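Subject: Handing over a structure, with notes

Dear colleague,

I am passing this structure on to you, and I would be grateful if you could look through it with the notes below at hand. They go element by element, so that you can follow along on screen.

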Amino acid sequence: MVDEDFAWRLAQELVRIDSSDPGAYEDEIERFIKRLIEQQLAQLDSSALDAVQIEELEVLPGRRNLKVTVPGQSDEPRLIYICHMDTVTLGDGWDADIEPLGAVVRDDKLYGRGACDMKGGLACAIAALVHTLERVAADGALPRRGFSLICSVDEEDFMRGSEAAIDAGWVGSREWVLDTEPTDGQIQVAHKGRTWFEIEMAGVTAHASQPWKGVCSLRRTFATLPLHEELGPSTITFGQIEGGYRPYVVPDHAKVWVDMRLTPPTDTAAATRMVEQAIVAAEAAVPGCHGSYTVTGDRPAIERDPASPLLAALKCTADDVTGTDTTVGFFTGYTDTAVIAGKTGNRNCMSYGPGSLALAHKPNEYVPHADIVRCQQVLIALADNTLWGADSQVGA
């Protein structure tokens, strides 16, 4: 039975399972979730649930996506909750009495790796699925609109889980798709693009007292790019650099990994031109210098669609459950739903989940109890409203 603290208890169990990426990965947690759903179906023992489908998709060796689908009686777009099962590495720097896999509860906060990113949200989505199974069993009939839970792999790396789900036909351009990333109580419907470059420069060494004999102009170019009215400025980060052999020598060879978060109208094609121009400028300024680059990641920016029926249904539901005017904002990172939106053109993709993104990937990561209770209530109510209620006909 899904009570108020179903997701809270489940989140603690999920945090205790190591699904770090790189690390243990998702095998154990995927088997745990699949077994939990199978046990729920066995306990309910209703012929109305015979149509429920459980599917696995091996994306990488030992790393499987999981999908559970409650079919609908109509051809209306399915409601899909997609949640990644992996976390970043366990990491160092945790308080002595807080183990990354300890699921410590202190002051009504659940601490542990993945507590907010995103095992708290995953637990809330599973609660909504179990509630839906219970309602189907009680009604003795399937809902009008179908519902799926997709548990994905590899979100914290190259997002190959969501890409594989698209390729397998699990999700496309029609469905209403919600991920449960931590959103600070907001509905977040837009994303900066994410473009990655590896740039190599080979030239001549220079003494550290004459560093102007090396050239980089990309950061200056980014400062001149136009702002997006909602997503703000495009940004550039030189996240990793290799090169050099002495602290007092400008190296003759260097490799840099560049992370660009792009906002319209700037896209990967424009970023590529900027990289090429920077290389040309460096080659002209330093005789004998030669540069090359590789694009290693290309994710387009996702802009808000004010006409999205899922956005309307989710905001109405969140407002009703919380008694507040839920803020609609944008997500500063990139999510599984952004991948789906970018690859399929789906305009009904967004994020709503417990916790704060500011705490993700850090030591002492936590999610508040109140956030999980709120999110569980919203996800259950959204499923009820869209699968059975009047909202089931919106945007069909």
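Helices and strands here are DSSP runs, of at least four residues for a helix (H or I) and at least two for a strand (E), and they are numbered from the N terminus. Please keep in mind throughout that this is a predicted model.

With that numbering, the loop between strand S4 (104-106) and strand S5 (109-111) is where you will find Asp-107, a residue whose phi is positive, about 55°, although it is not a glycine. Most residues other than glycine have a negative phi, and most peptide bonds are trans. Asp-107 is also exposed, with a relative accessible area of 66%. A second aspartate, Asp-184, likewise has a positive phi of about 55° without being a glycine, and its place is in the loop between strand S7 (176-179) and strand S8 (187-191). At a relative accessibility of 48%, Asp-184 counts as partly exposed, because exposed is kept for values over 50%.

Two peptide bonds deserve a look as well. The bond from Asp-21 to Pro-22 is cis, with omega near 0°, and Pro-22 sits in the loop between helix H1 (6-15) and helix H2 (27-44). The bond from Asp-117 to Met-118 is also cis, with omega near -10°, but here Met-118 has its place in a helix, namely H3 (residues 115-139).

Turning to the strands, how many of the six residues of strand S6 (residues 147-152) are buried? Six of the six are, so S6 is largely enclosed by the rest of the structure. In a regular strand the side chains alternate between the two faces of the sheet. In S6 both faces are covered, since Phe-147, Leu-149 and Cys-151 on one side are buried, and Ser-148, Ile-150 and Ser-152 on the other side are buried too. As for its partners, S6 is joined to strand S2 (residues 63-70) by five bridges, the two strands running antiparallel, and in this pairing Lys-67 has Ile-150 of S6 as its bridge partner. Strand S3 (residues 79-84) is joined to S6 by six bridges, and these two run parallel; here His-84 has Ser-152 of S6 as its bridge partner.

Helix H4 (residues 160-167) also meets S6. Its residues Gly-161, Ser-162, Ala-164, Ala-165 and Ile-166 are buried, and the buried residues of H4 pack against strand S1 (53-60), S2, S6 and helix H8 (336-344). After H4 comes Gly-169, which has a positive phi, near 80°.

Two buried residues in other helices can be followed through their contacts. The first to look at is Gln-376, which belongs to helix H9 (residues 369-387) and is buried, with a relative accessible area of 4%. A polar atom of the Gln-376 side chain lies 2.8 Å from the backbone nitrogen of Ala-7, and a polar atom of that side chain lies 3.5 Å from the backbone oxygen of Glu-4. Leaving aside residues up to four places away in sequence, Gln-376 touches Val-2, Asp-3, Glu-4, Phe-6, Ala-7, Cys-124 and Ala-127.

The other is Leu-218, in helix H5 (residues 218-222), which is buried with a relative accessible area of 4%. With residues up to four places away in sequence again not counted, Leu-218 touches Ile-199, Ile-236, Phe-238, Met-274, Val-275 and Ala-278. Its C-alpha atom is separated by 8.8 Å from that of Gln-277, although Leu-218 and Gln-277 are 59 residues apart along the chain.

Finally, there is the second largest pocket, which has a volume of about 430 Å³. Of the 18 residues that line this pocket, Glu-156, Arg-194, Arg-261, Tyr-334 and His-361 are the closest to its centre. Strand S9 (193-202) and strand S13 (253-262) each supply at least two residues of the lining, and by type the lining divides into seven nonpolar, three polar and eight charged residues.

With best wishes

Definitions and conventions: Residues are numbered from 1 along each chain as its sequence is written. This is a predicted model: local features need pLDDT of at least 70, side-chain atom pairs count only at pLDDT 80 or more; totals for chains, interfaces and linings use all residues. Side-chain values use heavy atoms; hydrogens and water are left out. Buried means under 20% relative accessible area, exposed over 50%, partly exposed in between (1.4 Å probe, protein chains only). A polar contact is a pair of N or O atoms within 3.5 Å; within protein, one must be able to donate a hydrogen and the other to accept it, and residues adjacent in sequence count only if both atoms are side-chain atoms. Contact means heavy atoms within 4.5 Å. On a 1 Å grid over the protein atoms alone, a cavity is a set of points where a 1.4 Å probe fits but cannot get out, and a pocket is an open set with protein on both sides within 12 Å along at least five of seven lines; lining residues have an atom within 4 Å of a point. Grid points are joined across faces, edges and corners, and a volume is the space filled by probe spheres set on the points. Ala, Val, Leu, Ile, Met, Phe, Trp, Tyr, Cys and Pro count as nonpolar, Asp, Glu, Lys and Arg as charged, and the others, Gly among them, as polar. Two strands pair if DSSP finds at least two bridges between them.
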